[in-house]
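This report describes how the chains of an assembly are arranged and how they meet. The sequence and the structure are shown first.

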Amino acid sequence: MKHLRKTLTFNTDSRRAFINITRDVEEAVKKSGVENGMVLVNAMHISASVFINDNESGLHEDFETFLEKVAPEKPHDQYMHNRGTMEDNADAHIKRQIMGREVVVAITDGALDFGPWEQIFYGEFDGKRSKRVLIKVIGE
Amino acid sequence: MKHLRKTLTFNTDSRRAFINITRDVEEAVKKSGVENGMVLVNAMHISASVFINDNESGLHEDFETFLEKVAPEKPHDQYMHNRGTMEDNADAHIKRQIMGREVVVAITDGALDFGPWEQIFYGEFDGKRSKRVLIKVIGE
Amino acid sequence: MKHLRKTLTFNTDSRRAFINITRDVEEAVKKSGVENGMVLVNAMHISASVFINDNESGLHEDFETFLEKVAPEKPHDQYMHNRGTMEDNADAHIKRQIMGREVVVAITDGALDFGPWEQIFYGEFDGKRSKRVLIKVIGE
C-alpha cells in the first residue's frame, strides 16, 4: 500500500472565506503514485470545513446567507461558548458542523474520480490566522 | 489490495426524491471480493446526496419538510446563484450540503458492517435528468 | 493490509448527550499496529452521530440549542415519522443528519493525525437505551 501525507496552510484576510483547493489535492494524488485508492481531505481546525460543491461565486454568497440565517455570528453573547471562553467563534463551530469537516474522494487510474462539476473547497469560518488542511492518500 | 469501481445512474420523475441503494452497494462489495476494507459511496453531482438513515416514508417526508424550512426552493430569485446563472437549483446545492455528499461504510467478513436499521439512500434535490452515484471499494 | 474492528456501546441517562470517545479510537488505532492508513468511526444507529469538534461544555450547549431551533423535538406530532410509527424520535433522525453519521481520520506514524483541538464525539439524540459505535481501522 502506498500513502502520502501533505498539509496546506491558509491565513484568510476575512473572517469567512471559500477557497478552491482542487488543484492541491490533484497534485498530491499524482505525487503519491496511487492508481486506485482514496484520498481524505479534512480541516485540521474545528471552525473550518472541507466540502465539495460548485465553483460559483453566487453560490458561495448563498452558502454565507444560509449559514448566517441558521447560525448567526452576532450577537456573540447568544452562545454559551462565547460567554464561557471570551472567544467569539461559537457560530464558526456550528457552521463547520453543517458544512462538514472532511471529504473522501475515490482515486481511479491515478486521478480524482469526479463528476463533471465537483470541486473541493476549504471553508473558513473564523479566519485571519494560520490554519491547516490535511491531505492523506492511501491505495496502490 | 483489491478494488472495484461502479456507477449507478438515476433519472427521477420528480425534482426531489429519496431512493434506497443499499442492495446496489451490497452487490458491488460482494463482487469486489473484499473481506475487510471500506466502501465509499458518493453523489457525483453537486445537487444530490448519499446518506444513511431509516427506510421509512414518513421520515422522508420529514426530511423534505425540514429541508424546505431551512433552504426553501422558492422564490427562486432569493438566491444569488439563481440570479447569476438563470438556473433555479441553488436550494438543491444547499440541501445536498446539509444531507451530505458521501458515506464511507466498513466492510467486515465480505459484507457491509451495518447496525440494525442502517440503509443507504440517494437523495435527489434537482432531478428529472440523468445523474450518477459512484461506488468505490478498497480492501483485501 | 492490516485491519481492526471494534465496537463501543453506550446507554445514556438522558435523551441527548455528547460523549468524548477520542481515547477509545486512539487505543484501537494503537492496537491495530497500523502506521499509515485511515480509521472510520461511525454511529451504528440512525438517531446518533459521530463528529469531530471542540471538547468544551459551552459549545455542546450551543449545539443543543441550535439543533432544537432547526429540528425541535416537540411537539412530537409535527413529524410524519412519529405519527406513522408511534415513535417520538423523528427529530433525532434529523439532528443526526445535520451533525453527521461518521468521521474518517488519517493515521500517520501509528497515531491519529489531528490538529490541535480535534476531539471525536459520540452524539446521542435518542438515548436511554443501548446503542453502538463502530471503529474500523485499515492500513499498513
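Two strands are taken to pair if DSSP finds at least two bridges between them. In this predicted model, strand β5 of chain B, residues 102–108, is joined to β6(B) by two bridges, and the two strands run antiparallel. Within this pairing, I107(B) lies opposite L112(B) of β6(B).

**The sheet of chain B**

The pair belongs to an open sheet of five strands in chain B, ordered β1-β8-β3-β5-β6 with antiparallel pairing. Its edge strands are β1 (2–10) and β6 (111–112) of chain B, each of which pairs on one side only. In general, strands of a sheet pair through backbone hydrogen bonds, either parallel or antiparallel.

**Relation of the chains**

A turn of 120° with a shift of 0.0 Å along the axis lays chain C on chain B with an RMSD of 0.0 Å. The two copies are thus related as by a three-fold rotation axis. Among the residues of chain C, I98(C) comes closest to the rotation axis, with its C-alpha at 3.5 Å.

Chain A can likewise be laid on chain C by a turn of 120° and a shift of 0.0 Å along the axis, with an RMSD of 0.0 Å. The C-alpha of chain A nearest that axis belongs to I98(A), at 3.5 Å.

**The interface of chain C and chain B**

In this interface, 31 residues of chain C are in contact with 34 residues of chain B. The area buried between the two chains is about 2600 Å², and carbon and sulfur atoms give 60% of it. M1(C), I46(C) and Q97(C) supply 24% of the area that chain C buries against chain B, more than any other three residues.

There are two salt bridges between chain C and chain B. E118(B) forms a salt bridge with R101(C), their closest N and O atoms lying 2.7 Å apart. In addition, 17 residue pairs are in polar contact across this interface, both residues being at pLDDT 80 or more. On the side of chain C that touches chain B, the elements giving two or more residues include β1 (2–10), α2 (57–70), α4 (90–99) and β8 (131–139) of chain C. The largest share of this side, six residues, comes from α4(C). By class, the side holds 18 nonpolar, seven polar and six charged residues.

**The interface of chain A and chain C**

Here 31 residues of chain A are in contact with 34 residues of chain C. About 2600 Å² is buried between chain A and chain C, 60% of it given by carbon and sulfur atoms. On the side of chain A, M1(A), I46(A) and Q97(A) lose the most area to chain C, together 23% of what that side buries.

The interface of chain A and chain C has two salt bridges. In one of them, D113(C) is bonded to R5(A), with the closest N and O atoms 2.5 Å apart. Polar contacts across this interface number 17 residue pairs, both residues at pLDDT 80 or more. Among the elements of chain A that each supply at least two residues of the side touching chain C are β3 (37–43), α3 (80–85) and β5 (102–108). Six residues, the largest share of that side, come from α4(A).

The table sets out the two salt bridges named above.

| Salt bridge | Closest N and O atoms |
|---|---|
| E118(B) and R101(C) | 2.7 Å |
| D113(C) and R5(A) | 2.5 Å |

Key. Residues are numbered from 1 along each chain as its sequence is written. Chains are lettered from A and ligands numbered from 1 in the order in which they are written. This is a predicted model: local features need pLDDT of at least 70, side-chain atom pairs count only at pLDDT 80 or more; totals for chains, interfaces and linings use all residues. Side-chain values use heavy atoms; hydrogens and water are left out. Copies are superposed by least squares on the C-alpha atoms of residues with pLDDT of at least 70 in both. Contact means heavy atoms within 4.5 Å. Buried area is the accessible area (1.4 Å probe) that two parts lose on being put together, summed over both. A salt bridge is a side-chain nitrogen of Lys or Arg within 4 Å of a carboxyl oxygen of Asp or Glu. A polar contact is a pair of N or O atoms within 3.5 Å; within protein, one must be able to donate a hydrogen and the other to accept it, and residues adjacent in sequence count only if both atoms are side-chain atoms. Helices (H or I, at least four residues) and strands (E, at least two) are DSSP runs, numbered from the N terminus. Ala, Val, Leu, Ile, Met, Phe, Trp, Tyr, Cys and Pro count as nonpolar, Asp, Glu, Lys and Arg as charged, and the others, Gly among them, as polar.
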